[in-house]
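Trainee: I should like to learn how the terms used for a protein structure are justified. May we go through one model together?
Mentor: Certainly; please look at the structure first.

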Amino acid sequence: MNLRQLLTSVSALLLPALLAGQGLDLSKLGQPPTDSWPTYHGDYTGRRYSPLKQINQSNVKQMTLAWVYRSTPPPGGGAGSVVKATPLVVNGVLYFASPDHCWAIDARTGRELWHYSWETSGGIHIGNRGVGMYKDWIYFETPDNWLVSLDAKNGKERWRLEIADVKQEYFSTPAPIVIKNHVIIGVGGDSLDVPGYLESRDPETGKLQWRWNSTPRKGEPGAETWPNPEAMEHGGGMTWVPGSYDPDLNLIFWPTGNPNPVMSGQGRRGSNLWTASIVALDLDTGKLKWYFQCSPHDTHDWDATETPIMIDGEINGQPRKLLAQSNRNGYFFVLDRTTGQNIVSTPFINLNWSKGVDPKGQPIPDLAKEPKTDGTLVMPASGGAANWPPPSYDPDTGLFYVNSAQSYSIFFLTDTDDKPQGYGGRDQSLLSRSTLKAIDYKTGQVKWMHEYPGRAGGGPGILTTAGKLLFTGDPHGNFVAFDPADGKILWHAQLGANVGNAPITYELDGQQYVVTGGGDSLYAFTLLK
Amino acid sequence: MKDLKRIFGLCVVLFVAVLFHLLAQGQGSGQGAAGGKKAKAGAPQKKNFLISRPVPSPEAVERGQKLFVTQCGFCHGARATGGESGPDLVRSVVALRDEQGELIGPIIRKGSADKKMPPFNMTDAQVKDIASFLRERQQAAINRGAYPLQNLVTGDAKRGEAYFTGAGGCVKCHSVSGDLKGIGTRYTPANLLPRFLYPGPARFGPQPGDKPPAPTMVTVTPSNGQAVSGTLEQLDDFTVALRDGAGYYRSFARTDGLKLDVRDPIAAHEALLSKYTDADMHDLLTYLVTLK
């Protein structure tokens, strides 16, 4: 062996070790997640389906606790202390966030590697959906609207950028999504009628690459759906839930929030584009390719910010590139994601606010059910039939799964001014009941459902796996595994607090883990060895 | 009694929330006007979930409001939401970024020739008071949990009575001379409406004499055991728990052979929720309000 051969052999030996020490291998992004969970939805489809099957129907009963990590100190208390983030897992390290806090922990043991704390200047501390990752860099958003980039190795801050003005009542909860050399970041906040937007920023410097406004400016297309420039520049349409991405079309599919003022529509007559919509934007330019408005002229706080899931499916025997969403307003939508053309619009709960759908498949709101000074009784409540917690699509069953709420609320108009401000109304929730539903994407029909006992609405996110398992939480603190084919319960564990995020799974050293949030903690489950 | 505990917990939360609202209104952020009850001097200024910036003192807000109405209201509107010739200042970026007059002060004093705003001669203290008033207006718009409701009693009492005795089926469980006697004086309309639609945790603030709804009753029969009845404490897909007549807590795994009979005393209210028209709801409220 000569020197060169020796060096080559040594390099070959060292190479895997070196690679293992590196940050995110960008080729993993967009691949079905196995030894990692490198982006919010696992991959870019939004379907939250894992090809892992070490844990499966035959052995799920042997699943046991591997570790617990409590995210102390509780970040801000209240709603913000619940883990709502989907963790990322890269090279055996798990990254997650809560309002003002970000952590790296050992994905095998739950041991904390670092904890980054942000000193806040305000903003609503309602939750944080998680972090984004590019090579060695972590990105997360704070309630006071800073995009912070950290070094994944040690949690040291690289840079910070203000992405929205907290004094105008913006606040930020989204998980940044990294696609190619773009960090896609959304914003939130609907207290005081600010306009929404979505930005793409450079992963190294944070420099703005493009910005898409979710309401038009004077003279732009879409302006005809607003009465005047002032209304659309105060028109809302926040971008607070990560969308999905089709590399073949190079389009991102992003859901937008409710219009503003939230519950008083008299100052914004028209359909109010592009609020409460699903939009398709070019990844590299941010230019709008198509839109579908889920709630034209919404007055019930029904953000369309539920994950639009990409399904490569079949309609009438033809293969189609589809996009499916269980909307907060109670409709299940299926679109052609190349064109935005509507294929299915079917209610998945009992709702009473719509007079059917228009020729484009968009629901027609019943004006009688808009908020009134003496109240209107509406199904669903403002919290919706579904909300941001991520649903799942399982290609093995062909079913779309969502924890749905049958809910009722009285909607009051409180601001009758011609130019109302803020919410301009409020709603009083009466009752909500939660049901896990399995929906046939071809028709919107519910194939099976499981009603959770008790008076508790909504529910957390969902994970499906090739092990023929569906993981989610119930409203009573249980983490539950269902059979995705028929809804039979196969396993559960009582966590002592409700699951507040969506579970993930990954395999390390030949051992599969399933990780879920429960209250302020993360719980990892695995098979007994 | 998990439900009762939850209800009690919610009552506590709501009570605290109401206290916060009263405090906030005392500090002048009620939407109606800056004339609410005043917080005690030196009382800690607790923040609510929606308000993350300092709440101005009610005295400064009151002074600012007087100044604003006389000096600025003609163009900007008495509520600062804008008028014929002056822009909205509640949602103005400058006014929102301003803390204590440092941004709006120069505009007030210099005026704006192109916007036809004349200069105003104001002291630093007056500018600060104006800033306090604008902050109060902004926080009133932000603080949706405290928006006052308007008149809810818009129905027809006669039709409401007919619904009560007829289609609603209310008389199956209730009597206007019994359990509902004087209900129109016990609750405000805003409290009464959600309570009759679905009895549950206190809404729009607790009321004196509030009673939790009747508990859910349950009978559990194990496959080879005796039936046990009591009030339901907890029910999920895996366990059922009750408190029996002697006050003992009993919990059971929901195995295949276990029989469960749950009797929800307010199931009829739930069944009506998807049947009411808004007119039924308003008529029924208007009728119940007459039960003095």
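Trainee: Which residues does B:Tyr248 touch, not counting residues up to four places away in sequence?
Mentor: In this predicted model, B:Tyr248 touches B:Leu242 and B:Arg243 once residues up to four places away in sequence are set aside. B:Tyr248 is placed in the loop between β3 (239–244) and β4 (249–253) of chain B.

Trainee: Why is B:Tyr248 called exposed?
Mentor: The term exposed requires a relative accessible area over 50%. B:Tyr248 has 57% relative accessibility, and therefore counts as exposed. The C-alpha atoms of B:Tyr248 and B:Leu284 are 40 Å apart in space, with their positions 36 residues apart in sequence.

Trainee: What makes A:Gly467 buried?
Mentor: Buried means under 20% relative accessible area. A:Gly467 has 3%, so the term buried applies. This residue, A:Gly467, lies in the loop between β30 (463–465) and β31 (469–473) of chain A. A:Gly467 touches A:Leu52, A:Lys53, A:Ile55, A:Asn56 and A:Gln57, not counting residues up to four places away in sequence.

Trainee: Why is A:Glu507 called partly exposed?
Mentor: Partly exposed is the class between under 20% and over 50%. A:Glu507 has 26% relative accessibility and therefore counts as partly exposed. A:Glu507 belongs to strand β34 (residues 504–508) of chain A, and A:Glu507 touches A:Thr34, A:Asp35, A:Leu52, A:Gln54 and A:Gln512, not counting residues up to four places away in sequence. A:Glu507 and A:Trp37 are 470 residues apart in sequence and 9.9 Å apart in space, C-alpha to C-alpha.

Trainee: How do you know whether B:His269 is buried or exposed?
Mentor: The limit for buried is under 20%. B:His269 stands at 15% relative accessibility, so B:His269 counts as buried. B:His269 lies in helix α10 (residues 267–273) of chain B. Not counting residues up to four places away in sequence, B:His269 touches B:His174, B:Phe196, B:Leu197, B:Tyr198 and B:Pro199.

Trainee: Why is α9(B) described as largely enclosed by the rest of the structure?
Mentor: Eight of the nine residues of α9(B) are buried, and therefore α9(B) is largely enclosed. Those buried residues are B:Ala190, B:Asn191, B:Leu192, B:Leu193, B:Pro194, B:Arg195, B:Phe196 and B:Leu197.

Trainee: What covers the buried residues of α9(B)?
Mentor: The cover includes elements of chain A, namely β25 (376–378), β27 (399–413) and β28 (425–440), together with α8 (183–186), α10 and α11 of chain B.

Trainee: Why are α9(B) and α11(B) called oblique to each other?
Mentor: The axes of α9 (residues 189–197) and α11 (residues 278–289) of chain B come within 10 Å and cross at roughly 120 degrees. The range for roughly perpendicular is 65 to 115 degrees, and roughly antiparallel begins over 145. The angle fits neither class, so α9(B) and α11(B) are oblique to each other. Their crossing is right-handed.

Trainee: Which residues meet there?
Mentor: B:Pro189, B:Leu192, B:Leu193, B:Phe196 and B:Leu197 in α9(B) meet B:Met281, B:Leu284, B:Leu285, B:Leu288 and B:Val289 in α11(B). By class, the residues of this contact are ten nonpolar, no polar and no charged.

Trainee: What makes α2(B) roughly perpendicular to α6(B)?
Mentor: The axes of α2 (residues 58–71) and α6 (residues 124–142) of chain B come within 7 Å and cross at roughly 100 degrees. This angle falls in the range of 65 to 115 degrees, and therefore α2(B) is roughly perpendicular to α6(B). The residues of α2(B) in the contact include B:Ala60, B:Val61 and B:Arg63, and those of α6(B) include B:Gln126, B:Asp129 and B:Ile130. The contact of α2(B) with α6(B) has seven nonpolar, four polar and three charged residues.

Trainee: How do you know how confident the predictor is in each chain?
Mentor: One consults pLDDT, the predictor's confidence in each residue. Chain A averages a pLDDT of 94, and 94% of the residues score at least 70. For chain B the mean pLDDT is 84, and 80% of its residues reach 70 or more.

Trainee: Where does pLDDT stay under 50 in chain B?
Mentor: In chain B, pLDDT stays under 50 over residues 1–46. In chain A, pLDDT stays under 50 over residues 10–20. The model as a whole scores ipTM 0.91 and pTM 0.91.

Technical notes
Residues numbered from 1 in each chain as written. Chains lettered and ligands numbered in written order. Predicted model: local features only at pLDDT ≥ 70, side-chain atom pairs only at ≥ 80, totals over all residues. Heavy atoms only, no water. Axes fitted to C-alpha atoms, helices over the stretch in contact; angles between N-to-C directions. Helix = DSSP H or I, 4+ residues; strand = E, 2+ residues; numbered from the N terminus. Parallel < 35°, antiparallel > 145°, perpendicular 65-115°, else oblique. Left-handed = near helix turned anticlockwise from the far one by under 90°. Contact = heavy atoms within 4.5 Å. Nonpolar A, V, L, I, M, F, W, Y, C, P; charged D, E, K, R; others polar. Buried < 20%, exposed > 50% of the residue type's maximum accessible area, 1.4 Å probe, protein only. pLDDT = per-residue confidence, 0-100.
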